Amino acid sequence: MVRLDGVTKRFGDVAAAEDVSFELGQGEFLTILGPSGSGKTTVLRMIAGFMEPTAGTILLGGRPVGALPPHRRSIGMVFQRLALFPHMTAAGNIAYPLRMRGFPRDEIPARVERYLGLVQLAGLGDRRIHELSGGQQQRVAIARALSFEPDLLLLDEPLASLDRKLREDMQLEFRRIQQELGVATINVTHDQREALVMSDRVIVMDGGRIQQAAAPETAYRLPANRFVAGFIGVTNFLPCAVRRSADGEAEVAIGDTVCAGRCAAPLPAGAPAEAALRAEQVLLGEAGQPIAHADMVVPATVTEVIFEGDRVVYAVHAAGLGGALLRIFDHDPLHHKTRRIGEDVAIGWKRRDLMVFPRDT
Amino acid sequence: MKAPQAKTVVIWTVVWFNLIFLALPTVIVIVASFTAGNIIQFPPEGLSLRWYASLVETDSYSDAFLRSLYVAAICTLISLPIGTLAAIALARYRLRMATAIQLYLLLPFTIPLIVSGLGMMLVFGQIRILGQLWPVGIATCVINIPFMIWAVASAVNSLDVDLENAAANCGAPPLLTFLTVTMPAVMPGVITGGLLMFILAFNEFIVSLMLVDARIVTLPVLVYNSIRSVITPDLAAIAVVYIVVALATIWVLDRLVGLEIFLKSK
């Protein structure tokens, strides 16, 4: 459906996107995830045709689009601030692409009705845009982007401005509509949860480059590098030194503690590295006692306790790990006792949960 | 407990003071215009419509009124395309020397009207169009165009930056995008600016005074001439005509744009 080959966009000396390549199949939902300035929106705008790549090619349906202007591309887009036409009704907005793309006049009203129904706005077609709520405006924007049955749907962080509850509802709504229509979709967001919830595949970008392209679960379980490990999920990074490394395993020294973890590529002995532990994979136990299922146990002191209802967030200080401060999630607060600040505890983890990354220099 | 009450008293005193002093001259003129006597005075000496009748009967007044309307119409017609396009271009597209152009277009604000009027008198005299009415329309357009640009620009700036991209994404080529999306979306600003230009040109005095001669006096100039000879209550009646025109403009604005949108866009 869509293919990008080495797409690069430079503004002067600054590369907003560098050597971006990926392919998207029919009906696939891809999310480009990254912080602001990572180049994700630049990539989206080049696909839409609002910007031309400095280098590389973009293919839509097998054909390179090169300098094809945006209005000649069969792409629907939902914009960050929606960009609905303020002087038209909801139905007018949805009919606009149909009129512009030469759909037969007598077919347009029925089609508008159908798409109003699809986004659950049946009967609200006559409303002006400013008479609709934020969520309803979102739905109009989706319907406008889809009514002409584009080959590709682009979502430019349209959910970023909504409050959390509505955003989560709309995420599922987007996913439902997308699956119902089977349209290939590229979504851009900085919200990791949204990326994990909605996508078949996630591309993590930073500094204009793709850091990892994988299924959401893979990106979470097997982050390709330190950036991905830090961007998706809450991760503790512990500075360490590599002692030896082979076969996807590394033995490292974190402060006075020597332990093993997995690593993507072999690391040279003595190299500075970082050991990464997800906050929910650090286990809490009684001081001086073993912890079930843990391969490593070290003593620690609780320094912070935040009760959030469905989980408790702890910060602990572990002198044996070079004085590191670790964040820990306890996802079962009803069955575990809540620790107190200052309490001596033991923390532990499974060998395979520790990831080792070369330290960024 | 006392502080908020004292605050309320102060605020309402200021509000009423302002309301009264803004409205007082207008109210006095309106009341005075209905006098039955021969001089403007407040309170009026009896009530009648005789000075309104005299306005209608005096040809010089109705002629001057129509001339002012004509000047205002010309000014509005010229400023609509110029101001709208300039404002959209300045607010929307990255132009070379945009700041310089903006400053240049705001220049009329910084120059005293008497100087602009003198300059235009010389230029119009040089190209031999002095003594006609339509150049007065152009002159009022030139000195007031910043208002038009400002009204449209504030409408453009409140639009989503991706509005035109959205239209292109819907399949509209650039010209259609402009006609079907950009123009209608900034229309409230265009109407606001247009009405503002109309009323400003209709009221314009100093530049008018320097560009008209005895055969083509506009209403403000005629009022000025009358004041210098005899002050009669028909001047109060003319003042009321001005008030009515202003109210009519505001009414049209409210019908077309909605006053709350107009006030919000400032």
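Here are a few notes on the cysteines of chain B and on a helix and a sheet of chain A, all taken from a predicted model.

1. **Disulfides.** If you are setting up bonds, there are zero disulfides over all chains. Cys141(B) is a good place to look: the nearest cysteine sulfur belongs to Cys75(B) and lies 4.9 Å away. A disulfide needs the two sulfur atoms within 2.5 Å, so Cys141(B) is in no disulfide.

2. **Burial of the cysteines.** Cys141(B) has 5% relative accessibility, and Cys170(B) has 2%. Buried means under 20%, so Cys141(B) counts as buried, and Cys170(B) counts as buried too.

3. **Helix H1 of chain A.** This helix spans residues 40-48 and is mostly covered, with eight of its nine residues buried. The buried set includes the charged-name entries you may want to check by eye, Lys40(A) and Arg45(A), along with Thr42(A), Val43(A), Leu44(A), Met46(A), Ile47(A) and Ala48(A). Just after the helix, Gly49(A) takes a positive phi of about 100°.

4. **The sheet of chain A.** Four strands form an open sheet in the order S2-S1-S4-S5, with antiparallel pairing. S2 (14-24) and S5 (63-64) stand at the edges, and each has a single partner strand, so one side of each is left without a neighbour in the sheet.

5. **The S4–S5 pairing.** Strand S4(A), residues 55-60, is joined to S5(A) by two bridges, and the two run antiparallel. In one of the residue pairings here, Leu59(A) has Pro64(A) of S5(A) as its bridge partner.

Key
Residues numbered from 1 in each chain as written. Chains lettered and ligands numbered in written order. Predicted model: local features only at pLDDT ≥ 70, side-chain atom pairs only at ≥ 80, totals over all residues. Heavy atoms only, no water. Buried < 20%, exposed > 50% of the residue type's maximum accessible area, 1.4 Å probe, protein only. Pairing = 2+ DSSP bridges.
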